[in-house]
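Dear colleague,

Please find below the structure for your consideration. I would be grateful if you could keep it open while reading the notes beneath it.

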Amino acid sequence: MPRYIGVMSGTSLDGLDIALIEQEQHTSLLATHYLPMPDDLRADLLALCSPGPDELARSAIAEQHWARLAAQGVHALLSEQNLNPADIRAIGSHGQTVRHEPARGFTVQIGNPALLTELTGITVVADFRRRDVAAGGQGAPLVPAFHDALFSDGRSRRAVLNVGGFSNLSLLDPSKPVHGFDSGPGNVLLDAWINRHKGLAYDRNGEWAASGQVTADLLSTLLSDPFFTTQGPKSTGRELFNLPWLDQHLSQLPAIAPADVQATLLEMTAQSIIASLKNAQQGTQQLLVCGGGAHNLTLMQRLAELMPGCTVASTGDYGVAADWVEAMAFAWLAHCCLEGIPSNRPSVTGAKGLRILGAIYPA
């Protein structure tokens with residue numbers, strides 16, 4: 001049975017998730033491997049998300065380092081599973097998004113797939129988003145089609161929520177085509193704020209947020225951003241939601257304790273997700289959460305409080321560990337590309353039609 005590897009490096013820039021799947025009629029997760037992002041590479045990639053000098057050379061060097069890290073993870077996974085490169089049909093590599101501006105007609109993921117192919121001896125499929133953008137779409141989110149294949153039961157009205165750096169929703173209504181969109185920030189502002197004030201990479205279990213009090217004025221001004229009221233298709237990234245965006249809002253208000261800002265950021269994340277979900281799909285029966293945010297107990301509790309009558313649970317409770325859904329998705333997208341199966345959904349991205357996504361770098 002065909003095996004694929006998916007490599008996912010998200011907007012949180014915390015590390016590389018690597019998943020090995022077996023793909024026939026259904027997708028089966030066989031094994032996983034995680035590599036933390038080295039601090040210097042994380043700093044280089046984060047800097048590329050904003051305009052700066054000599055970007056072309058800096059980007060080319062950073063993506064070499066990224067590809068070498070990904071190859072290291074792939075070889076480690078193969079060794080752990082006693083597999084050879086020939087046992088893998090392809091690697092689906094998301095690369096690292098450094099710019100995402102579909103309104104201006106472009107999205108940029110770097111990751112040097114040619115080098116990744118050379119270093120692994122495995123065919124690589126990469127650059128999944130640009131074909132959708134070329135067809136007039138947002139290029140994101142790309143996971144709803146996979147969520148539909150993995151989690152739709154044909155009976156329940158479900159939603160799948162991925163909370164990485166940003167949050168995206170996939171709406172699974174048996175009577176309609178799959179729908180989905182980015183709802184706004186996930187962990188990006190929470191991580192940046194705790195890093196600034198405590199030097200930590202993330203707020204474990206949302207404990208710092210839970211120690212603060214939500215500030216109504218700050219919450220109101222944050223949620224007043226036009227993105228939250230824009231109808232889909234829509235996607236977002238660090239170009240909009242970043243620390244300068246937060247600082248601008250804070251500068252208009254009296255001083256707020258850092259823990260209270262964290263509490264308000266978590267509340268903004270929860271409210272923006274649930275408002276988007278309720279607006280787009282009434283009567284959701286189950287909300288399945290994946291990504292790093294599924295481990296934020298404070299966020300999970302708040303989502304459940306905002307959705308009475310709806311079961312809010314990790315995708316792990318539905319058979320797929322929350323940390324590996326996105327990496328599995330890019331392995332599946334590689335499968336679709338090689339089989340000539342369209343994997344975007346115009347109902348999600350707004351593209352002119354179905355498209356086969358990805359560029360192939362043969363071994």
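The notes below concern one strand with its neighbours and one pair of helices.

Please bear in mind that this is a predicted model.

Strand E8

Strand E8 spans residues 158–163, and 6 of its 6 residues are buried. In a regular strand, side chains alternate between the two faces of the sheet. In E8, both faces are covered: Arg158, Val160 and Asn162 lie buried on one side, and Ala159, Leu161 and Val163 lie buried on the other.

E8 has pairing partners in E9 and E11. With strand E9 (residues 166–172), E8 pairs in the antiparallel sense over 6 bridges, and the two strands form a hairpin with 2 residues between them. Within this pairing, Leu161 has Leu169 of E9 as its bridge partner. Strand E11 (residues 286–290) runs parallel to E8 and is joined to it by 5 bridges; here Arg158 is partnered by Gln286 of E11.

Helices H1 and H2

Two packed helices are described by the angle between their axes and the distance between the axes. For helix H1 (residues 39–47) and helix H2 (residues 55–80), the angle is about 135° and the axes are 10 Å apart. An angle over 145 degrees would count as roughly antiparallel, so H1 and H2 are classed as oblique to each other. Their crossing is left-handed.

On the H1 side, the contact involves Leu41, Leu45 and Ala47, which meet Arg58, Ala62, His65, Trp66 and Leu69 of H2. These contact residues comprise 6 nonpolar, 1 polar and 1 charged.

Yours sincerely

Terms used:
Residues numbered from 1 in each chain as written. Predicted model: local features only at pLDDT ≥ 70, side-chain atom pairs only at ≥ 80, totals over all residues. Heavy atoms only, no water. Buried < 20%, exposed > 50% of the residue type's maximum accessible area, 1.4 Å probe, protein only. Helix = DSSP H or I, 4+ residues; strand = E, 2+ residues; numbered from the N terminus. Pairing = 2+ DSSP bridges. Axes fitted to C-alpha atoms, helices over the stretch in contact; angles between N-to-C directions. Parallel < 35°, antiparallel > 145°, perpendicular 65-115°, else oblique. Left-handed = near helix turned anticlockwise from the far one by under 90°. Contact = heavy atoms within 4.5 Å. Nonpolar A, V, L, I, M, F, W, Y, C, P; charged D, E, K, R; others polar.
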